Amino acid sequence: MFEDLKEKLGEYVDVPLDEITEDTRFIEDLGLNSFEFMSLLGYLEEEYDIVVDESEVRGLTTVGEAVEYIEKLTEES
């Protein structure tokens with residue numbers, strides 16, 4: 001899951017993939033804007049056949065938090 005998310009992030013940011021860790025922050029470290037973040041979530045919904053709750057993802061700030069959230073959703077479905 002982490003590697004997949006990291007690869008997808010590489011399409012949105014100009015940061016070497018080996019510098020993206022679970023502690024990497026979407027906005028502060030990667031410079032994602034809200035549109036890019038929502039596009040990424042749309043990809044994840046399609047890829048993993050999940051439904052993301054917008055109010056819950058607003059609190060996600062790091063790549064690791066997003067991985068945990070997505071893993072939780074995939075376990076539930």
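Where is the place of D49? In this predicted model, D49 sits in the loop between α2 and α3 (54–57). The residue is exposed, with a relative accessible area of 64%. Its backbone has a phi near 55°, a positive value in a residue other than glycine. Most residues other than glycine have a negative phi.

The wider chain was examined next. The UniProt record, an unreviewed entry, places the feature "domain: Carrier" at residues 1–74. Over residues 1–74 the chain is 53% helix and 0% strand, and the C-alpha atoms at the two ends lie 10 Å apart.

Helix α1 spans residues 2–9, and its buried residues are F2, L5, K6, K8 and L9. Seen down the axis of α1, these buried residues fall within an arc of 165°, so they line one face of the helix. An α-helix has 3.6 residues a turn, so residues three or four places apart point the same way. The buried residues of α1 pack against two other helices, α2 (34–48) and α4 (63–76).

Among the buried residues of α1 is a lysine, K8. K8 counts as buried because its relative accessible area is 15%, where the cut-off for burial is under 20%. With neighbours within four places in sequence left aside, K8 is in contact with L40 and Y43.

The largest nonpolar core comprises 23 residues. Those with the most contacts inside this core are L5, L9, F26 and V63. The elements that give two or more residues to the core are α1, α2 and α4, and α4 gives the most, with six residues. When residues up to four places away in sequence are not counted, F26 touches L9, G31, L32, F37, L40, L60, T61, T62, V63 and A66. The contacts of F26 thus include L9 and V63, which are themselves listed with F26 among the core residues with the most contacts.

F26 is also one of the residues that line the largest pocket. Rolling a probe the size of a water molecule over the atoms shows where empty space is left. About 190 Å³ of space lies in the largest pocket. The lining consists of F26, I27, E28, L32, N33, S34, F37, M38, V57, R58, L60 and T61. Helix α2 provides the largest share of this lining, three residues. Several lining residues, including L32, F37, L60 and T61, are also in contact with F26.

Technical notes. Residues are numbered from 1 along each chain as its sequence is written. This is a predicted model: local features need pLDDT of at least 70, side-chain atom pairs count only at pLDDT 80 or more; totals for chains, interfaces and linings use all residues. Side-chain values use heavy atoms; hydrogens and water are left out. UniProt positions are given in the numbering used here, feature names are shortened, and annotations may be inferred rather than shown by experiment. Helices (H or I, at least four residues) and strands (E, at least two) are DSSP runs, numbered from the N terminus. Buried means under 20% relative accessible area, exposed over 50%, partly exposed in between (1.4 Å probe, protein chains only). The arc is that of the directions from the helix axis to the C-beta atoms. Contact means heavy atoms within 4.5 Å. A nonpolar core is a set of buried Ala, Val, Leu, Ile, Met, Phe, Trp, Tyr and Cys residues joined through side-chain atoms within 4.5 Å. On a 1 Å grid over the protein atoms alone, a cavity is a set of points where a 1.4 Å probe fits but cannot get out, and a pocket is an open set with protein on both sides within 12 Å along at least five of seven lines; lining residues have an atom within 4 Å of a point. Grid points are joined across faces, edges and corners, and a volume is the space filled by probe spheres set on the points.
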